[in-house]
Amino acid sequence: VRLLQLEITMGSIAQSICSTKLPVPVKLNQIRILGKTILVIRPPDLAKCSKMMAIQYLKYNLTNVVVKGLPGVVRCVITADEKKGDSYKLLVEGTDYLSVMATMGIDGRRTYFNNALTVAEVLGIEAARTSIISEILSTMESHGIGLDQRHVMLLADVMTYRGEVLGITRNGLVKMKESVLLLASFEKTTDHLYEAAFFSQEDKIAGVSECIIMGTPMTIGTGLFKVLYNHGKRPSVKPKLTIFETPQFRLKI
């Protein structure tokens with residue numbers, strides 16, 4: 001602890017124990033400090049349980065008390081940046097993204113998190129979209145697979161256009177689309193068709209999958225427009241004289 005300069009004292013440990021929500025609450029007057037490495041905790045007198053039971057509760061729960069740091073962070077690892085040889089990255093394992101960004105000395109503009117759901121809660125849906133794009137591209141590049149960024153951007157747009165992060169799964173598609181044929185083409189075809197028939201649901205046949213199933217033109221590209229030109233009353237067309245029938249070129253015989 002001294003070599004790592006964590007600034008942990010026996011007083012800070014006692015304060016952490018008192019501030020933590022334990023099954024058996026401990027107050028500061030119940031903790032006695034003996035030297036630099038020993039703490040004595042006297043169990044309180046509770047009407048719900050005996051002192052022996054309170055000691056057992058403290059025995060199993062004191063090991064989970066966070067003395068220093070963030071409760072949502074499990075561990076940190078320092079690694080060298082592969083792209084920049086003279087810089088290092090701090091890899092944090094945990095879920096408390098907001099507390100990590102709020103830590104003194106942390107630059108939030110250079111902090112990344114690979115959980116799109118947490119990023120959406122902390123920074124918003126646009127940041128979650130950017131996180132999805134960067135994670136997919138980095139995963140593909142690590143396996144040596146080249147991928148056009150525009151395809152990934154389209155996928156991220158589909159997953160986030162409703163204001164929340166939705167997965168490309170059966171449950172996610174239910175929230176994205178209301179088309180019966182689209183849901184039936186993905187999974188559980190019989191169940192979706194049965195429910196649609198039972199509840200008298202309608203399908204406008206507007207998407208790509210629905211048009212392919214029904215064999216109708218898709219409303220994208222050249223099939224997006226339906227334009228009809230109204231000719232109205234056609235003007236009468238008179239026959240045009242040939243060059244030899246015009247007066248100036250008429251030959252006299």
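Let's start with how this chain, a predicted model, is held together: taking contacts between residues at least 6 apart in sequence, 30% join residues at least 24 apart. Burial adds to that picture, as 20% of the 253 residues count as buried. The accessible surface amounts to about 20,800 Å², and carbon and sulfur atoms account for 59% of that area.

Now follow the chain from its N terminus. You will meet ten helices and four strands, in the order α-β-β-α-β-β-α-α-α-α-α-α-α-α. The radius of gyration is 36 Å, well over the 18 Å that the globule rule gives for 253 residues, so the chain is more spread out than a compact globule. Along the principal axes, the C-alpha atoms fill a box of roughly 140 × 60 × 35 Å.

With the overall layout in view, let's turn to the open spaces. Rolling a probe the size of a water molecule over the atoms reveals where empty space remains. The largest pocket has a volume of about 1,600 Å³. Its lining is made up of 36 residues, and those closest to the pocket centre are Lys89, Leu91, Arg110, Thr111 and Tyr112.

Which elements each supply at least two residues of this lining? They are strands E3 (73–80) and E4 (88–94), together with helices H3 (97–101) and H5 (125–142). Helix H5 gives the largest share, with eight residues. As for chemical character, the lining of the largest pocket divides into 14 nonpolar, twelve polar and ten charged residues.

How values were computed:
Residues are numbered from 1 along each chain as its sequence is written. This is a predicted model: local features need pLDDT of at least 70, side-chain atom pairs count only at pLDDT 80 or more; totals for chains, interfaces and linings use all residues. Side-chain values use heavy atoms; hydrogens and water are left out. On a 1 Å grid over the protein atoms alone, a cavity is a set of points where a 1.4 Å probe fits but cannot get out, and a pocket is an open set with protein on both sides within 12 Å along at least five of seven lines; lining residues have an atom within 4 Å of a point. Grid points are joined across faces, edges and corners, and a volume is the space filled by probe spheres set on the points. Ala, Val, Leu, Ile, Met, Phe, Trp, Tyr, Cys and Pro count as nonpolar, Asp, Glu, Lys and Arg as charged, and the others, Gly among them, as polar. The radius of gyration is taken over C-alpha atoms; the globule rule is 2.2 Å times the number of residues to the power 0.38. Buried means under 20% relative accessible area, exposed over 50%, partly exposed in between (1.4 Å probe, protein chains only). Contact means heavy atoms within 4.5 Å. Accessible areas come from the Shrake-Rupley method with a 1.4 Å probe; for residues, only the protein chains shown count as cover.
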